[in-house]
Amino acid sequence: MISELLIKARSIRSFDMSRRINENDLLEFVENLRFIPSSCNFQALKYLLVTDEEECSFMRSKTRWAGFLENYNGPDEDRSPTAYMVICQDLDCCENETLYLKDVGIAAQTVNFMACEKGIGICMIGSFNAEAVSQYFKLSERIKPKLVLAMGYPAESPVLEDEKGSVKYYRDENNIHHVPKRLAKDILINK
């Protein structure tokens, strides 16, 4: 049921590195991404898959994680993602770099759900060095990285809770990640 998937598919920031992601799963995700909605049906998104350990280490070094958490620079070395997907825009399909940002969100959430069904966790990362990623992977100047999805089998279980004065996520004394969510009545516009 979709409501259960919405609750289960949380941002993961600690991964079980003893279990590598099967590249065939990532290829299956891309196969399914062909069918998502696309602005003007231009299908301007392309996907860079990263599973090599050295490349994953590079990606980790070019991302910034969990801005609300003080003194947190991402997962510990032994709890890092074992794969990344970089969602990019192909400017040959359309020059407008903001028109497809909603498509990026649709693609990311779709991957989040597909991954969750396979027991894979992801963290969507908008704070990354796109220029360094482009150079490292020798991407064409016409391919623009827009969002990074860090992926792996979860080594944590974030807890959702009702918002009580702040939506800032936090880690408790046991390093459990808590995610406050606004109540439905607080996000509904009354007429």
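Buried means under 20% relative accessible area, exposed means over 50%, and partly exposed lies in between. The exercises below use a predicted model.

**Exercise 1. Classify Cys-56, Cys-93 and Ser-14 by burial, and find what surrounds Ser-14.**

Step 1. Take Cys-93. Its relative accessibility is 27%, so Cys-93 counts as partly exposed.

Step 2. Take Cys-56. Its relative accessible area is 4%, so Cys-56 is buried.

Step 3. Take Ser-14. At 13% relative accessibility, Ser-14 counts as buried. Ser-14 lies in a loop, between helix 1 (2-8) and strand 1 (15-16).

Step 4. List the contacts of Ser-14. Neighbours within four places in sequence are left aside. Ser-14 is then in contact with Arg-79, Tyr-153, Pro-154, Ala-155 and Glu-156.

**Exercise 2. Count the disulfides, and check Cys-56 and Cys-93.**

Step 1. Set the cut-off. A disulfide needs two cysteine sulfur atoms within 2.5 Å. By this rule there are zero disulfides.

Step 2. Check Cys-56. The nearest cysteine sulfur is that of Cys-123, 14 Å away, and Cys-56 is in no disulfide.

Step 3. Check Cys-93. Here the nearest cysteine sulfur belongs to Cys-94, at 8.3 Å, and Cys-93 is in no disulfide.

**Exercise 3. Find the buried residues of helix 2, and say why they line one face.**

Step 1. Pick out the buried residues. In helix 2 (residues 23-33) they are Asp-25, Leu-26, Phe-29 and Leu-33.

Step 2. Look down the axis of helix 2. The buried residues fall within an arc of 100°, so they line one face of the helix.

Step 3. Recall the general geometry. An α-helix has 3.6 residues a turn, so residues three or four places apart point the same way.

Step 4. Ask what covers the buried residues of helix 2. The cover includes strand 2 (45-50), strand 3 (83-90), helix 4 (101-117) and strand 5 (143-154).

Step 5. Go to the start of helix 2. A side-chain oxygen of Asn-22 comes within 2.6 Å of the backbone nitrogen of Asn-24.

**Exercise 4. Describe the largest nonpolar core and the contacts of Val-50.**

Step 1. Size the core. The largest nonpolar core has 25 residues. Those with the most contacts inside it are Val-50, Met-59, Trp-65, Tyr-84, Val-133, Phe-137 and Val-148.

Step 2. Trace the suppliers. At least two residues of this core come from each of strand 2, helix 3 (53-61), strand 3, strand 4 (121-125), helix 5 (130-136) and strand 5.

Step 3. Look at Val-50. Residues up to four places away in sequence are not counted. Val-50 touches Glu-55, Cys-56, Met-59, Thr-82, Ala-83, Tyr-84 and Phe-137.

Step 4. Add the second core. A separate core of 24 residues includes Ile-36, Ile-87, Ala-107 and Ile-120.

**Exercise 5. Work out the strand order of the three-stranded open sheet, and explain its edges.**

Step 1. Pair strand 6 (residues 159-162) with strand 8. They run parallel, joined by four bridges. Glu-161 stands opposite Pro-180 in strand 8.

Step 2. Pair strand 7 (residues 170-171) with strand 8. This pairing is antiparallel, over two bridges. Tyr-170 stands opposite His-178 in strand 8.

Step 3. Inspect the turn. Strand 7 and strand 8 form a hairpin with five residues between them. Asn-175 in the turn has a positive phi of about 65°.

Step 4. Read off the order. The sheet runs 6-8-7, with mixed pairing.

Step 5. Explain the edges. Strand 6 and strand 7 each have a single partner strand, so one side of each is left without a neighbour in the sheet.

Step 6. Check the cover of strand 8 (residues 177-181). Four of its five residues are buried.

Definitions and conventions: Residues are numbered from 1 along each chain as its sequence is written. This is a predicted model: local features need pLDDT of at least 70, side-chain atom pairs count only at pLDDT 80 or more; totals for chains, interfaces and linings use all residues. Side-chain values use heavy atoms; hydrogens and water are left out. Buried means under 20% relative accessible area, exposed over 50%, partly exposed in between (1.4 Å probe, protein chains only). The arc is that of the directions from the helix axis to the C-beta atoms. Contact means heavy atoms within 4.5 Å. A polar contact is a pair of N or O atoms within 3.5 Å; within protein, one must be able to donate a hydrogen and the other to accept it, and residues adjacent in sequence count only if both atoms are side-chain atoms. Two strands pair if DSSP finds at least two bridges between them. A nonpolar core is a set of buried Ala, Val, Leu, Ile, Met, Phe, Trp, Tyr and Cys residues joined through side-chain atoms within 4.5 Å.
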